[in-house]
Amino acid sequence: MPSVLLIEDDVRIRQSLARALASRGHDVDSLATGMEGLEYVIANAPDAVILDLGLPDLDGVEILKLIRAVSQVPVIVATARDEEAEIVKVLDAGADDYVVKPFSGEQIDARLRAVLRRTDQGGAGASVAVGDLVIDGRAREVTLAGQSLELTRKEFDLLAYLADHVGDVVSKRELLAEVWRQPYGGGDKTVDVHLSWLRKKLGETAAEARYLHTVRGVGVKLVIPD
Ligand code: CA
């Protein structure tokens, strides 16, 4: 039974959501503050976290960053604001998905099952080698010619996704849907910015690409350099 931590200060939402998730086969614990939630994640390593953004002690985004500093646990953010800027901010801070309030037990259960499925796959992820580049899905480590690269979470996810599709052109829309969980697009710039950071870390430029090749108007592909 997957263990889920629910961090939500509104007692009515907390109780009804905990009941709805328990009835759908999750082992749910719930807490009302961000700091208690953080301590729980460190002590109990739950399989997934549902995090309310509006908490009494610390802003949800700050809690999310603190969780990310210590854990790769999937986090679904529950936000009251359906604003693209807000959503981009939480996804950039390391959320795996988000739901906009009000949402049903059924909806959050579907999102939970999706993130749990993805982490199962990630957990089984073997190493992929692309030329001198080695991407270790289990340890979430990347080396280039034996040298370890310091990648952010999203840079890693982006590179791992491209490595799973090595040699194929992947569209920015697909990357937004699969890496950023934004199936409706609208954030091409987010992809471009992360690609440029990734290029820098790989020691190349768009003009003199080795691994990461942009195919104008189509997308990007990862290749084994000549
Ligand atoms: Ca709240």
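In this tour, a donor to the calcium ion is an N, O or S atom within 3.2 Å of the metal; water is not among the atoms, so the site may look incomplete. The model is predicted.

**Stop 1: the calcium ion**

Select the calcium ion and display the residues around it. Its coordination comes from Asp9 (OD), Asp52 (OD) and Gly54 (O), at 2.2 to 2.4 Å. Written along the sequence, the spacing of these donor residues is D-x42-D-x1-G. The two aspartates link distant parts of the chain: Asp9 belongs to the loop between β1 (3-7) and α1 (11-23), whereas Asp52 belongs to strand β3 (residues 48-52), 43 residues apart.

Are these two aspartates buried or exposed, or partly exposed? Asp9 has a relative accessibility of 32% and therefore counts as partly exposed. Asp52, at 5%, counts as buried.

**Stop 2: Leu21 in helix α1**

Move next to Leu21, which is found in helix α1. With a relative accessibility of 0%, Leu21 counts as buried. Show its surroundings: beyond residues up to four places away in sequence, Leu21 touches His26, Val28, Ile50, Ile108, Asp109 and Leu112. A distance label between the C-alpha atoms of Leu21 and Val4 should read 8.7 Å, for a pair 17 residues apart in sequence.

**Stop 3: Asp109 in helix α5**

From Leu21, pass to its contact Asp109. Asp109 is part of helix α5 (residues 105-124). It counts as buried, at 7% relative accessibility. Which residues does Asp109 touch, not counting residues up to four places away in sequence? They are Leu21, Arg24 and His26. With His26 there is a polar contact, side chain to side chain, at 2.7 Å.

**Stop 4: helix α2**

Select helix α2 (residues 34-44) and colour its buried residues, which are Gly34, Gly37, Leu38, Tyr40 and Val41. Looking down the axis of α2, one finds these residues within an arc of 160°, so they line one face of the helix. The elements covering them include β1, β2 (27-31), β3 and α3 (60-70).

Turn the helix to view its other side, where Glu39, Ile42 and Ala43 are exposed. Just after α2 comes Ala45, with a positive phi near 40°.

**Stop 5: helix α3 and the loop after it**

Now select α3, one of the elements that cover the buried residues of α2. The buried residues of α3 itself are Gly60, Val61, Ile63, Leu64, Ile67 and Arg68. Their arc around the axis is only 155°, which puts them on the same side of α3. Their cover includes α2, β3, β4, α4 and α6 (153-164).

Continue to Ser71, in the loop between α3 and β4 (75-79). Its relative accessible area is 18%, so Ser71 counts as buried; the cut-off for buried is under 20%. What lies 2.9 Å from a polar atom of the Ser71 side chain? It is the backbone nitrogen of Val73.

**Stop 6: β4, α4 and β5**

Display β4 together with helix α4 (residues 84-92) and β5; these elements form a right-handed β-α-β unit. The strands β4 and β5 (residues 97-100) run parallel and are joined by 4 bridges. To see the register, select Ala78 and the residue opposite, Val99 in β5.

**Stop 7: strands β6, β7 and β8**

Finish with strand β7 (residues 133-136), and inspect its two faces. Leu133 and Ile135 form the covered face, while Val134 and Asp136 form the uncovered one.

How do the neighbouring strands pair with β7? Strand β6 (residues 127-130) pairs with β7 in the antiparallel sense, over 4 bridges. Strand β8 (residues 141-144) is likewise antiparallel to β7, again over 4 bridges. Val134 is a useful selection here: it has Ala129 opposite, and in β8 its bridge partner is Thr143.

Last, examine the turns. The hairpin of β6 and β7 has 2 residues between the strands, and Gly131 adopts a positive phi near 60° in that hairpin. The hairpin of β7 and β8 has 4 residues between the strands, and in that hairpin Arg140 has a positive phi near 55°.

How values were computed
Residues numbered from 1 in each chain as written. Predicted model: local features only at pLDDT ≥ 70, side-chain atom pairs only at ≥ 80, totals over all residues. Heavy atoms only, no water. Donors = N, O, S within 2.8 Å, 3.2 Å for Na, K, Ca; no water. Buried < 20%, exposed > 50% of the residue type's maximum accessible area, 1.4 Å probe, protein only. Arc of directions from axis to C-beta. Contact = heavy atoms within 4.5 Å. Polar contact = N/O pair within 3.5 Å; in protein donor to acceptor, adjacent residues only side chain to side chain. Pairing = 2+ DSSP bridges. Right-handed = clockwise from strand over helix to strand, strands pointing away.
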